[in-house]
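User: Please take a close look at one part of this model for me: its cavities and what sits around them. I'm a first-year, so keep it informal and explain the terms as you go.

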Amino acid sequence: MRDVLSLVGAPAEEKPTGQRISRRPYQELVTESVEIWDKIGVAEDSLTENLEDRGSTEKDPKILAKIIISSHLLRIPLLCFGYSAQRLVETISITLSAEMPSTLCVPTGFNDYTALLSAVNSSPSSYVILENLVGSTEEYCYTHLSEDAKDKHIIFTAPYKDALKLLPRELYSHFIIVDTDKYFDENVPIQKIAAGKIEVNFD
């Protein structure tokens, strides 16, 4: 397992096994060019096209693109569940930050917020995926994470919709929930998509 997942945070001998944070190996994005999206409409159009190229089956993927752009600009984390979550998050990260996302995994019952925040802030990419966090760890570990990790965009993932049943409804206001299997077909082959960065100036 150590060959697949590298450990981050405090050294293993100083922290109980149940509190370890694991980081999946990071893959750098190789691209010939990076587009700059300086207008919201242009970013939406580019994301819409990339969603289609990555296998989106939604009749109007621009609706999903608008939701994602809003999440990015307002810094409201997405909570993505379903088998297509990884495909969606990669599409978002490549389109809006010209990077592959980083992925952190935490064990059930995790409650070391300081170590989690440090791991998020030290991640090599702007977008950070947090697996197995929502619904299986202490609530304070994710309800204000996006506010404290100001330079990162947080996306929570869960494999099943049933994970939401474990959450009190008042927690829904802390993220935007996306059923990825509603928008993607895993059997559709993915195409190479345009890498970009969103740099909208509101001044």
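Analyst: Let's start with the word itself: on a 1 Å grid laid over the protein atoms alone, a cavity is a set of points where a 1.4 Å probe fits but cannot get out. Grid points are joined across faces, edges and corners, and a volume is the space filled by probe spheres set on the points. The idea behind it is that rolling a probe the size of a water molecule over the atoms shows where empty space is left.

A bit of housekeeping. This is a predicted model, where local features need pLDDT of at least 70 and side-chain atom pairs count only at pLDDT 80 or more, while totals for chains, interfaces and linings use all residues. Residues are numbered from 1 along each chain as its sequence is written, and side-chain values use heavy atoms, with hydrogens and water left out.

For the backdrop, the protein has six helices and nine strands. Those are DSSP runs, numbered from the N terminus: H or I over at least four residues for a helix, E over at least two for a strand. Of its 203 residues, 49% count as buried, where buried means under 20% relative accessible area, exposed means over 50%, and partly exposed is in between (1.4 Å probe, protein chains only).

Now the cavities. The structure holds two of 30 Å³ or more, and the largest has about 80 Å³ of space. Which residues line the largest cavity? They are S71, H72, R75, I76, P77, L78, Y127, S146, K152, H153, I154 and I155; to count as lining, a residue needs an atom within 4 Å of a point. Sort them by chemistry and you get six nonpolar, four polar and two charged residues. In that scheme Ala, Val, Leu, Ile, Met, Phe, Trp, Tyr, Cys and Pro are nonpolar, Asp, Glu, Lys and Arg are charged, and the others, Gly among them, are polar.

Where does the wall come from? Helix α2 (61–74) and strand β7 each supply at least two lining residues, and β7 gives the largest share, with three.

One lining residue has an interesting backbone. R75 is found in the loop between α2 and β4, and has a positive phi of about 60 degrees although it is not a glycine. At 29% relative accessibility, R75 counts as partly exposed.

Next, follow I155, which is part of the lining, to a neighbour. C80 is in strand β4 (residues 78–81), and at 0% relative accessibility it counts as buried. Leaving aside neighbours within four places in sequence, C80 is in contact (heavy atoms within 4.5 Å) with A85, L88, I155, F156, T157, A158, V178 and T180. C80 and I176 are also 8.3 Å apart, C-alpha to C-alpha, despite being 96 residues apart in sequence.

F156, one of those contacts of C80, leads us to some rings. A pair of aromatic rings is described by the distance of the centres and the angle of the planes. Here, rings of Phe, Tyr and Trp (its six-membered ring) pair if their centres lie within 6.5 Å; planes under 30 degrees apart are stacked, over 60 edge-to-face, and the rest tilted.

A search of the whole structure finds three aromatic pairs. In one of them, Y142 and F156 sit edge-to-face, 6.1 Å centre to centre with 70 degrees between the planes. Y142 is in the loop between β6 (127–131) and α5 (145–148) and F156 is in strand β7 (residues 153–158), so the pair ties together parts 14 residues apart in sequence. Both Y142 and F156 are buried.

Y142 pairs with F175 too: the centres are 6.3 Å apart and the planes at 35 degrees, so this pair is tilted. F175 lies in the loop between β7 and β8 (176–179), 33 residues from Y142, and the pair links distant parts of the chain. F175 is buried, with a relative accessible area of 5%, and Y142 is buried at 2%. Put together, ring pairs link Y142, F156 and F175 into a cluster.

Conventions:
1 Å grid on protein atoms, 1.4 Å probe; cavity = no way out; pocket = protein on both sides within 12 Å on 5 of 7 lines; lining within 4 Å.
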